[in-house]
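Me: I've got a model open and want to walk through a few of its features with you. Can you take my questions as they come?

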Amino acid sequence: MSDDIGLIEQSAQRLYSEQVDKAARERVENGAFDARLWQLAVDNGFTLALASEAVGGVGETWSAAAPILLGIGYWQVPLPLAETMVAHLLLSLAGLEAPDGPIALIEQGCGNALRASSSGPTLRLDGTVAHVAWARHAPTALVSLSDRRLALVDLHDPGAVRCEPQIDHARMPSDTVVFNSAACRAQATNPLALAQPLWTLGALARSLMMVGALESLLEQSVRYATERVQFGKPIGKYQAIQQQLALMAGDTAAARVAALAAAADAPSAMQPDAPTAAFSIAAAKVRAGEAATRATGIAHQVHGAIGFTREHSLHFATRRLWAWREQFGSDAWWAERLGRAAIAGGAAAFWPSLTRRCFEHGFDAPAAKP
């Protein structure tokens, strides 16, 4: 396992550091899709990292594949890798053939009014789904339905699917998709015990990506504090700045531990049964979201005016953190689910559930709108 992690980390670091720069990020922010960078990621096996070996995937665990996602955050990689990795994992376990290209993720009932109905053997979708990451660049979406079915739907089906381009805080695609009796090309039963598999695993992916961005933010802030001289000495020598950087470092470390713990508990192709996954992922998304809120403020305070300019690279990390903390459930949304589950279990079950990382009543009932 450690050898696998090392090889994946080296591959991700080499690809991202050599191919992702300010110009690459800005091209995508301006509406382009970096097909060359996407193909390099595919050639390195990143999209199939979690997929079962039985279908040609790498079959790694989330812990082993974590460097890919951490790297997306650290280098602010403008690709739908996380979504496609999650989709390939679910498709491989469900026995559905995976389509080529990027795959968008849609979870029914999470901030949308998507409806599913059967027309003979054909499953059809109706309704509007907002904030679908990378939908305009994805030929296909994987949809998780509330009745525990997974379905593949063609997003380039004229007349049945309309994509309305939108962007998130990072200026990455976060589109609105309108379905009008769109026929699904394939369907299968959700192979995992997770009630909302795309939403939950998407939250794990975002948590790991946020940790990478937090580490980039911390590194940039510490470097700037040692270089920027005020009143005859680097600002990092002043205790007030040191205290703020220490708070950021603590938040980043705590978020990293929570995200890696969730990755270790998450279902994989080798071990699809993961009873503690929902709890650990919820805790990771809460911790990463809280860290993002505090760390972005500190980073911009340390950098001062220069940090708000387009010329400086700081905003690529901070804007992604603001976007990612909201996607697949905000920290408040996941905290509410943890709280509701704890209350439902009662006082006597609280500590045993906490140490088992698994509340008896689980997270099956959706909480408030994310």
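Me: Let's start with Ser 181: how exposed is that residue?
Reply: Ser 181 counts as partly exposed, at 31% relative accessibility. Bear in mind that this is a predicted model.

Me: Where does Ser 181 sit?
Reply: Ser 181 is in strand S7. Its backbone deserves a look too, with a positive phi of about 55 degrees although Ser 181 is not a glycine.

Me: Why flag a positive phi?
Reply: Because most residues other than glycine have a negative phi.

Me: OK, and what is phi like at Arg 171?
Reply: Phi of Arg 171 is near 65 degrees, so that's a positive value in a residue other than glycine. Arg 171 is found in the loop between strand S6 (161-164) and strand S7 (174-189).

Me: How exposed is Arg 171?
Reply: Partly exposed, with a relative accessible area of 36%.

Me: Switching to empty space. What volume does the largest pocket have?
Reply: The largest pocket comes out at about 530 Å³.

Me: Which residues lie nearest its centre?
Reply: Ala 130, His 131, Trp 199, Gln 327 and Phe 328, out of 27 residues that line the largest pocket. The elements giving two or more residues to that lining are strand S1 (103-107), strand S3 (122-133) and helix H6 (197-227).

Me: Which of them gives the most?
Reply: S3, with five residues in the lining of the largest pocket.

Me: And what's the lining like by class?
Reply: The lining of the largest pocket has 14 nonpolar, seven polar and six charged residues.

Me: How many cavities of 30 Å³ or more does the structure hold?
Reply: One. The volume of the largest cavity is about 120 Å³.

Me: What lines it?
Reply: The lining of the largest cavity is made up of 16 residues, and Trp 134, Met 172, Arg 206, Met 209 and Trp 324 lie nearest the centre. H6 and helix H9 (314-324) each supply at least two residues of that lining. The largest share comes from H9, with three residues.

Me: So H6 turns up in both linings?
Reply: Yes, H6 gives two or more residues to the lining of the largest pocket and supplies at least two to the lining of the largest cavity.

Me: What's the class make-up of the cavity lining?
Reply: Eleven nonpolar residues, one polar and four charged in the lining of the largest cavity.

Me: Now salt bridges. How many are there?
Reply: The structure holds 13 salt bridges. One of them pairs the side chains of Arg 256 and Glu 215, at 2.8 Å from N to O.

Me: What does that pair tie together?
Reply: Arg 256 lies in helix H7 (residues 239-265) and Glu 215 in helix H6, so the salt bridge links parts that are 41 residues apart in sequence.

Me: Are those two buried or partly exposed?
Reply: Arg 256 is partly exposed, at 29% relative accessibility. Glu 215 is partly exposed as well, at 24%.

Me: Which residue does Arg 149 pair with?
Reply: Arg 149 forms a salt bridge with Asp 147, and the closest N and O atoms are 2.8 Å apart. Arg 149 is partly exposed at 22% relative accessible area, and Asp 147 is partly exposed at 42%.

Me: What about Glu 336, which partner does it have?
Reply: Glu 336 forms a salt bridge with Arg 340, with the closest N and O atoms 2.7 Å apart. Both residues lie in helix H10 (residues 331-345), four residues apart, which is about one turn of the helix.

Me: How exposed are they?
Reply: Glu 336 is partly exposed, with a relative accessible area of 26%, while Arg 340 is exposed at 51%.

Me: Which residues do shared salt-bridge partners join into one network?
Reply: Glu 29, Arg 310 and Arg 319.

Me: Last topic, the surface. Which residues form a nonpolar patch?
Reply: Phe 350, Trp 351 and Leu 354 do, with about 320 Å² of accessible area together.

Me: Where is Leu 354, and how exposed?
Reply: Leu 354 is found in helix H11 (residues 347-356). Leu 354 is partly exposed, with a relative accessible area of 31%. Patch residues need over 30%, so Leu 354 passes that cut-off at 31%.

Definitions and conventions:
Residues numbered from 1 in each chain as written. Predicted model: local features only at pLDDT ≥ 70, side-chain atom pairs only at ≥ 80, totals over all residues. Heavy atoms only, no water. 1 Å grid on protein atoms, 1.4 Å probe; cavity = no way out; pocket = protein on both sides within 12 Å on 5 of 7 lines; lining within 4 Å. Points joined across faces, edges and corners; volume = space filled by probe spheres on them. Nonpolar A, V, L, I, M, F, W, Y, C, P; charged D, E, K, R; others polar. Patch = residues over 30% accessible without salt bridge, like charges linked within 9 Å, V, L, I, M, F, W, Y side chains within 5 Å. Areas by Shrake-Rupley, 256 points an atom, 1.4 Å probe, with all protein chains shown as cover. Salt bridge = Lys/Arg side-chain N within 4 Å of Asp/Glu carboxyl O. Buried < 20%, exposed > 50% of the residue type's maximum accessible area, 1.4 Å probe, protein only.
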